[in-house]
Amino acid sequence: MHYLVTGQQAALIDRYTIEEVGVPQLVLMERASLAVAEEVRDQIGDREKEKILVVAESGNNGGDGIAAARILKQRGYRAEVCAINGIPRQTEAYQKQVELAEKAGVRFIPFQDTPEQMKCFAGYDMIVDAIFGVGLTREVTGIQKSAVLAILAAGQAGAKILSVDIPTGISSETGEVLGTAVRADITVTFGYEKTGMRFAKAYCGTVKTKEIGFYLPDAFQAETGYFSYDAEDIPKLLPKRSPDGNKGSFGNVLLIAGSKDMSGAAFLAAEAAYRTGCGLVKIVTHKSNRPALQKMLPEAVLLTYDDEDENFRETFPSVLEKSRVTILGPGLGQSEMAVWLTKTTVSGAGGTLIIDADAINILSVHPEFIRDTGEEIDAGGNAAGYDAAGTSGKGAAKKSGRILTPHMLEMTRLREGMLRPGRDAVDRLKKERFRAVKEVSEKYGAVTVLKDACTVVSAGGSFGDDKREMYFLNSSGNDAMAKGGSGDVLTGVIAGLAAQGLEAEKAACLGVYLHGIAGDLAKEKTGSYGMIARDLIAALPEAMMVTK
């Protein structure tokens with residue numbers, strides 16, 4: 001596990017290291033610039049031929065870049081600096097780095113906002129973006145915008161782009177593009193990866209996090225926390241398996257999925273749950289899906305219904321009570337039966353309940369289904385008075401957790417209580433996704449898995465033993481996973497982990513991470529274009545054995 005920080009938190013850590021611990025600012029700057037210079041060295045070819053240009057503004061981020069140019073110059077590289085000087089007030093550290101670089105013989109080129117100047121960056125093989133760092137909160141305008149556009153033109157002409165700490169123009173918290181932004185091939189960041197980088201992968205390129213000697217203040221422990229899993233966490237987090245266990249030992253999943261002649265989502269979620277290790281999957285679906293599911297997944301037990309089946313409606317609640325984990329929603333549709341199944345399942349499911357896809361859409365316009373259950377659910381999705389296994393002191397099966405798995409559009413529906421939110425709803429969500437997942441978690445008493453290129457998980461408060469307000473930001477996965485059915489696989493993975501005893505919040509976070517690892521493994525075999533959801537399932541066994 002490792003932590004991420006926002007720009008504000010990074011500033012707090014930097015200030016604490018300098019003012020309280022006593023590490024001089026120039027020492028931190030020298031370490032940061034050395035990390036940048038070493039990355040340039042690793043990326044550049046012939047030091048005698050290839051030209052490097054550092055584009056710097058008058059703050060400390062510019063100072064890091066100028067110091068890197070000095071180090072590169074002293075090592076024999078053809079490094080120069082373009083000083084924008086769009087900010088009249090220069091920091092003391094920046095002024096000192098300019099002085100040192102000039103003494104080392106680094107050539108400085110003034111930036112003039114003219115059409116001719118815009119073309120001059122094209123003669124360089126590598127551009128180091130050191131304009132603005134993680135403290136930027138406003139749109140990039142004026143001469144700095146012109147410099148960003150010149151960097152982008154150089155990149156299109158073939159130059160490699162390396163950004164210092166974060167690409168200029170990217171919000172360090174949300175990943176929002178502040179007007180215009182540099183698209184880096186590599187970003188060298190210091191101490192901790194910044195949260196915004198996870199949501200701006202197209203702009204950050206490959207992120208290299210370098211340790212430069214920051215100290216973490218004790219007071220920081222009271223702040224909001226952001227964390228990710230690493231490959232070495234997988235064997236620590238996976239449910240333990242008993243060598244003398246049976247299928248009952250590893251839990252059961254009740255999957256309520258699929259509408260008439262729509263069996264695909266049910267199949268994908270069910271097989272993913274099996275591949276993740278659960279002992280038994282029972283699929284509740286429309287009777288038209290029986291032949292296809294029996295052929296595709298003979299391991300599953302089937303309980304089928306038709307829309308007029310009153311006997312099914314009478315017996316279904318007793319089936320719900322016996323399930324350790326219930327999935328509700330993949331391919332369920334929006335029919336009257338789907339609405340009835342959603343209402344009945346939300347109020348009657350035993351154990352952990354995972355609400356996905358069509359059930360989320362139904363719930364967004366029927367939030368009373370949650371309120372009508374009459375039970376108290378804490379922010380972690382756990383029923384008051386019951387442990388993570390879903391049992392009270394008397395051992396009775398009760399709800400132990402609730403997990404929502406919306407994608408971005410479904411999330412706006414949950415927040416706004418309508419199936420057709422405004423056109424800008426998703427754009428607004430991108431700017432406030434942390435607030436959104438917390439609000440939805442609290443509103444629905446659930447762990448919320450907000451699916452996107454970087455999936456965010458929130459339990460609406462603390463996580464495990466950490467009492468801070470915590471958010472999980474996923475580090476695995478890739479663009480090849482943006483295919484129909486990928487979300488159904490994720491739901492099955494989370495269910496399979498929960499069935500084996502993981503509490504809701506841990507099953508959600510580990511499930512998201514394993515799902516992404518499977519996607520990375522599958523992409524190695526199929527490439528970005530040809531991968532489909534079934535390739536994710538095929539890669540799950542290997543994903544659970546990845547340790548590095």
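Let's start with strand β3, which is mostly covered: of its 6 residues, 5 are buried. Keep in mind that this is a predicted model.

Now look at the neighbours of β3. Strand β2 runs parallel to β3, and 6 bridges join the two; the bridge partner of V55 in β3 is C82. To get from β2 to β3, the chain passes through helix α3, making a right-handed β-α-β crossover. Strand β4 also pairs with β3 in the parallel sense, over 4 bridges, and here A83 has P110 in β4 as its bridge partner. Another right-handed β-α-β unit is made by β3, helix α4 (residues 92-103) and β4.

Step back, and the wider sheet comes into view. It is an open sheet of 7 parallel-paired strands, in the order β4-β3-β2-β5-β6-β7-β8. Because β4 (107-110) and β8 (206-210) stand at the edges with a single partner strand each, one side of each has no neighbour in the sheet. From one strand to the next, the twist averages 20°.

At the β8 edge, strand β7 (residues 186-190) pairs with β8 in the parallel sense, and I186 has T206 in β8 as its bridge partner.

Here are three of the strand pairs side by side:

| Strand pair | Sense | Bridges |
|---|---|---|
| β2 and β3 | parallel | 6 bridges |
| β3 and β4 | parallel | 4 bridges |
| β7 and β8 | parallel | 5 bridges |

Which strands does helix α2 (residues 25-43) lie across? They are β2, β5, β6, β7 and β8, and helix α2 runs at about 155° to β7. Helix α3 (residues 60-74) packs on the sheet too, touching β2, β3, β4, β5, β6 and β7. The direction of helix α3 makes about 160° with that of β2.

Notes. Residues are numbered from 1 along each chain as its sequence is written. This is a predicted model: local features need pLDDT of at least 70, side-chain atom pairs count only at pLDDT 80 or more; totals for chains, interfaces and linings use all residues. Side-chain values use heavy atoms; hydrogens and water are left out. Two strands pair if DSSP finds at least two bridges between them. Axes are lines fitted to C-alpha atoms, for helices over the stretch in contact, and angles run from 0 to 180 degrees between N-to-C directions. Contact means heavy atoms within 4.5 Å. Buried means under 20% relative accessible area, exposed over 50%, partly exposed in between (1.4 Å probe, protein chains only). A crossover is right-handed if, with the strands pointing away from the viewer, the path from the first strand over the helix to the second runs clockwise.
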